[in-house]
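Reader: I should like a close examination of a single strand in this model, together with the partners and side-chain contacts that surround it. Please state the criteria behind each term as it arises.

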Amino acid sequence: MHIIITDAWLARSQALHLNGWKLIGAGLLSSVLLMLGSVATYHWVFLEGVRQGWPGFTSVARIVTQGDVDSKEVYMRENLDAMARKLGEIQARMLQIDSLGERVGGLAGLKPEQMTPPKLPGSGGVLVGDRTLSLAELQGEMDSLDMSTHSRVDWLTAVESRLFDQKIRSSLVPTEEPVQGGRVGSPFGFRIDPITGRSALHTGLDFPADTGTPILAAAGGVVVIQEYHHAYGNLVEVDHGNELITRYAHASEVLVKTGDIVKRGQKIAKVGSTGRSTGPHLHFEVLVSGVPQDPRPFLAAGEALTAAAVSPKR
């Protein structure tokens, strides 16, 4: 094909020579440009019509997007169903926590009238026409469960505090034998004094043992006295709080000093025969508000706890 272009002003002409391939390429390029222009024009007109609310465009847009809306609704419904099932499982767990809290509260010594964990109200009935929860209903249930969870956390925190307090108190009561496996010599009470031969009050328990045998703290506390006493010899006193003090006398060697914090069962001294003594032994006293008490009930309570801990459950 030959195309001649003539310019009247310049008084000249130019010839274009197009073969078959060039004509095909030009046709394809024109078609692509025409399609892109049509798509852009349609897209602009369609969006402008929907935005401006031109008659007929809103209904067309609804039909076009209906498939996407349906897919989103199905996806939302499936997720709401899954969340509702998970919510039911959490509520069942909360009931188990309530039951556990009641049992633990009983172990902690809490009475029901003092503090009880809030319970979910009983409910039931015939299942008729079940339906999917709406998002608002599900959100309301989640908010209610969140408030209930906080109240249960407060309840269990109170129980934990009570149990921790009981543990601390039990660790500060002198129930540990101060000499492991030691037999008791002179008991608490009036006896014939081994030096004077006259009746006198013995304010503690004697544990005969070889010199150097470890002396253990009967409970946790703070060393308030570590000195040499003319009658008690090398003396250690441990304060356990609540005006409760234990006294360890006649030691051959003391392993702690005033101000030390000791644990139950910790080695604090060694058996000896210092002070007013006729042979190696530990003189052990328990004082409440400065008044000597018979140590045997305290030690017997420790033995009972140990026996209960190691005995098999039925």
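**Strand E13 and its surroundings**

Author: Tyr 248 stands opposite Phe 284 in E13, and this pairing is a convenient point of entry. The model is a predicted one, in which local features need pLDDT of at least 70 and side-chain atom pairs count only at pLDDT 80 or more, while totals for chains, interfaces and linings use all residues. Residues are numbered from 1 along each chain as its sequence is written, and side-chain values use heavy atoms, with hydrogens and water left out.

Strand E13 covers residues 281-288, and 7 of its 8 residues are buried, so the strand is largely enclosed by the rest of the structure. Here buried means under 20% relative accessible area, exposed over 50%, and partly exposed in between (1.4 Å probe, protein chains only). The labels follow DSSP runs numbered from the N terminus, with at least four residues for a helix (H or I) and at least two for a strand (E).

E13 has several strand partners; two strands pair if DSSP finds at least two bridges between them. With strand E9 (residues 244-251), E13 runs antiparallel and is joined by 6 bridges. Strand E5 (residues 205-208) also pairs with E13 in the antiparallel sense, over 4 bridges, and in that pairing Pro 208 stands opposite His 281. Strand E14 (residues 291-293) is antiparallel to E13 as well, with 3 bridges between them; there Leu 287 has Pro 292 as its bridge partner.

The hairpin of E13 and E14 has 2 residues between the strands. Ser 289 lies in this loop and has a positive phi near 55 degrees, although the residue is not a glycine. With a relative accessibility of 46%, Ser 289 counts as partly exposed. A positive phi in a residue other than glycine is also found at His 250, where the value is about 70 degrees. His 250, however, lies in strand E9 and is buried, with a relative accessible area of 5%.

The side chains of E9 and E13 also meet. Rings of Phe, Tyr and Trp (its six-membered ring) pair if their centres lie within 6.5 Å; planes under 30 degrees apart count as stacked, over 60 as edge-to-face and the rest as tilted. By this rule the count comes to 1 aromatic pair. The pair is formed by Tyr 248 and Phe 284 and is tilted, with 5.4 Å from centre to centre and 45 degrees between the planes. It links distant parts of the chain, since Tyr 248 in strand E9 and Phe 284 in strand E13 are 36 residues apart. Both Tyr 248 and Phe 284 are buried.

These two residues also belong to a nonpolar core, defined as a set of buried Ala, Val, Leu, Ile, Met, Phe, Trp, Tyr and Cys residues joined through side-chain atoms within 4.5 Å. The largest such core has 22 residues, and those with the most contacts inside it are Ile 215, Tyr 248, Ile 268 and Phe 284. At least two residues of this core come from each of E5, strand E8 (233-239), E9, strand E12 (267-270) and E13. Another core, of 5 residues, lies apart from it, and includes Leu 80, Leu 87, Leu 138 and Leu 145.

Charged side chains link E13 to its surroundings too. A salt bridge is a side-chain nitrogen of Lys or Arg within 4 Å of a carboxyl oxygen of Asp or Glu, and by this rule the count comes to 7. One of them joins Glu 285 to Arg 247, at 3.0 Å from N to O. Glu 285 lies in strand E13 and Arg 247 in strand E9, so this salt bridge ties together parts that are 38 residues apart in sequence. Glu 285 is buried at 1% relative accessibility, and Arg 247 is buried at 14%. Arg 247 forms a further salt bridge with Glu 237, the closest N and O atoms being 2.7 Å apart. In this case the partners lie in strand E8 (Glu 237) and strand E9 (Arg 247), 10 residues apart. Glu 237 is likewise buried.

For contrast, the salt bridge between Lys 257 and Asp 260 has an N to O distance of 3.3 Å. Lys 257 is exposed, with a relative accessible area of 52%, and Asp 260 is partly exposed at 21%. Through shared partners, salt bridges join Glu 237, Arg 247 and Glu 285 into one network.
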